[in-house]
Amino acid sequence: MERFFKFNQYGTTITKEISAGLISYITVAYIIIVNATILAVAGIPMEAGIIATILTSFIGCLVMGLWSNAPLLIIPGMGLNAMFTYTIVQSGGFSWQEALAMVFVSGLVFIVIAFTPLAKVITSSIPNSLKEAITIGIGILLILIGFENAGIITSSEHTLLAIGDLSNPTAIITFIGLTITILLFIKNVPGNLLLSIIITSFLTIWFGGSNFEGISLSMPSFHEYIGVFGQISWGQAGNIIFWLTSISFAMVIVFENIGLIHGHSKMLNRPESSKKSLQATAVSVLSSGIFGTSPTVASVEAAAGITAGGRTGLTSIVTGIMFLVSILFIPIIKIVPASAVSPILILIGILMLQNIVHIQMDELTECIPALLIIVLIPLTYSIADGMAIGFILYPLIKLLMGKWKEIHPALYLIAILFIGNFVIQYVF
């Protein structure tokens, strides 16, 4: 294992990697229920959606760990599943089987990019200020998700964001859990994040902040899943909108993953791992269409495992195995309350904000597009949409200021593609 994973080279141990893998799993286990619920709106049976999510996450994490030896997590992406269900199926009028075909096409496009020099061209064309902004924006989004899950921040038709009911047990316990999490992290207590989740879960159950009714084991029905696996339909392949939507979908998937992988590689201080991580993610997206779910991403929550000390692919493999085992333990997954996961997300988000010092604030043509990305990722609740505004404005501002030589030619094409994506999403 040492020869393959290189624990000594990356300053880690098997124990740390397993602990980080468990923490990563606990942090992302919510996707099993949430993703299946969103897919059910598109018409995919709930039980089948659960199995598809589990199997895709298992395969994705396994490929990531073995191919790139990086502690990144591959799970169906939030935002992409909404685009799958609400944009493509409900608004676009396509069936979920045709939407799976679009996922498959997107995976093929992603593979072409990831396994050719195109990946390097695209990555090198993105200015450092925009790369840093993506990481920071994702950090703020994590903080927002953490506070919203705990009910500390709420939104309604009358307000964008507001303070929720702070007398709610979940909110109170989240504050306590956040304090515990920060103290354990600062003191560098071994297994600090996992310990935090256990303590906060116990407090939540003890003080009645969770509807704990015991534990039972059950197997989901594989009968329904047989009707979903491999059910890709090419019935609309002769429709130009099918291909335009597929390319638009692919573009969002590619750029969101480039942003996520850059952020994680930055945390690991291993930029050389980006190429293989991108390739592993591309293969996983292709498999998503076959297994019957929306596209996967290099999950933002991988930062939890990295923060907990995960440095190699063993972290990803442990998480993947836990996903597979979770077919038996879905009721137990539901026991871990939002108040236990939220402090972890908030802490990780705070740590990711430190990258703001790397943005040139004295150069307005650099910092303005970057700051817009930082603000718009959490405000739009979409990594792709937040990125799009910055990627469109950056070359436009540079061009109008006569600094066109500072722009990589590929960035113009990226900006045009993002504009085309907006047109397809909001005009057609």
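## Contacts and a first look

Two residues are in contact when heavy atoms of theirs lie within 4.5 Å. With that in hand, we can start inside this predicted model, at A48. Setting aside its neighbours within four places in sequence, A48 touches E224, Y225 and V228.

A48 sits in helix α4, which covers residues 46-68. Is A48 buried or exposed? Its relative accessibility is 0%, so A48 counts as buried. A48 can also serve as a yardstick across the chain: S342 is 294 residues away in sequence, and the two C-alpha atoms are 28 Å apart in space.

## The chain as a whole

Let's step back to the overall picture. The protein chain is made up of 20 helices and four strands. Its C-alpha trace spans about 60 × 55 × 55 Å along the principal axes. The radius of gyration is 21 Å, which agrees with the value near 22 Å for a compact globule of 428 residues.

Of those 428 residues, 54% count as buried. Among contacts between residues at least 6 apart in sequence, 79% join residues at least 24 apart. On the outside, the accessible surface comes to about 17900 Å², and 69% of this area belongs to carbon and sulfur atoms. As for charge, there are 15 positive and 18 negative side chains, and the centres of these two sets lie 16 Å apart.

## Two nonpolar cores

In soluble globular proteins, nonpolar side chains tend to be buried together. Here the largest nonpolar core has 93 residues, and the members that touch the most others are F84, F110, Y225, F249, F391 and F418. Which helix gives the most to this core? That is helix α12 (residues 240-268), with 11 residues.

F110 is a good member to look at up close. Apart from neighbours within four places in sequence, F110 is in contact with I253, V254, N257, L278, T281, A282 and V285. There is also a second, separate core of 15 residues, and I31, I32, F58 and F323 are among them.

## Two more buried residues

I306 belongs to helix α14, residues 302-307. Its relative accessible area is 2%, so I306 is buried. Beyond the neighbours within four places in sequence, I306 is in contact with P71, H264, M267, L268 and R311. L72 is 234 residues from I306 in sequence, yet their C-alpha atoms are 8.2 Å apart in space.

S201 is found in helix α10, residues 192-206. How does S201 come to count as buried, when its relative accessible area is 11%? Buried means under 20% relative accessible area, so the 11% of S201 qualifies. Again leaving out neighbours within four places in sequence, S201 is in contact with V336, P337 and A340.

## Two positive phi angles

Most residues other than glycine have a negative phi. Against that background, two residues are worth finding in the model. K6 is not a glycine, but has a positive phi of about 60°. K6 lies in the loop between α1 (2-5) and α2 (14-28), and its relative accessible area of 36% makes K6 partly exposed.

The other is N69, which is likewise not a glycine and has a positive phi, near 50°. Where is N69 placed? N69 is in the loop between α4 and β1 (74-76). At 9% relative accessibility, N69 counts as buried, whereas K6 is partly exposed.

Notes. Residues numbered from 1 in each chain as written. Predicted model: local features only at pLDDT ≥ 70, side-chain atom pairs only at ≥ 80, totals over all residues. Heavy atoms only, no water. Rg over C-alpha atoms; globule rule 2.2 N^0.38 Å. Buried < 20%, exposed > 50% of the residue type's maximum accessible area, 1.4 Å probe, protein only. Areas by Shrake-Rupley, 256 points an atom, 1.4 Å probe, with all protein chains shown as cover. Lys, Arg positive; Asp, Glu negative; His and termini not counted. Charge placed at Lys NZ, Arg CZ, Asp CG, Glu CD. Core = buried A, V, L, I, M, F, W, Y, C linked by side-chain atoms within 4.5 Å.
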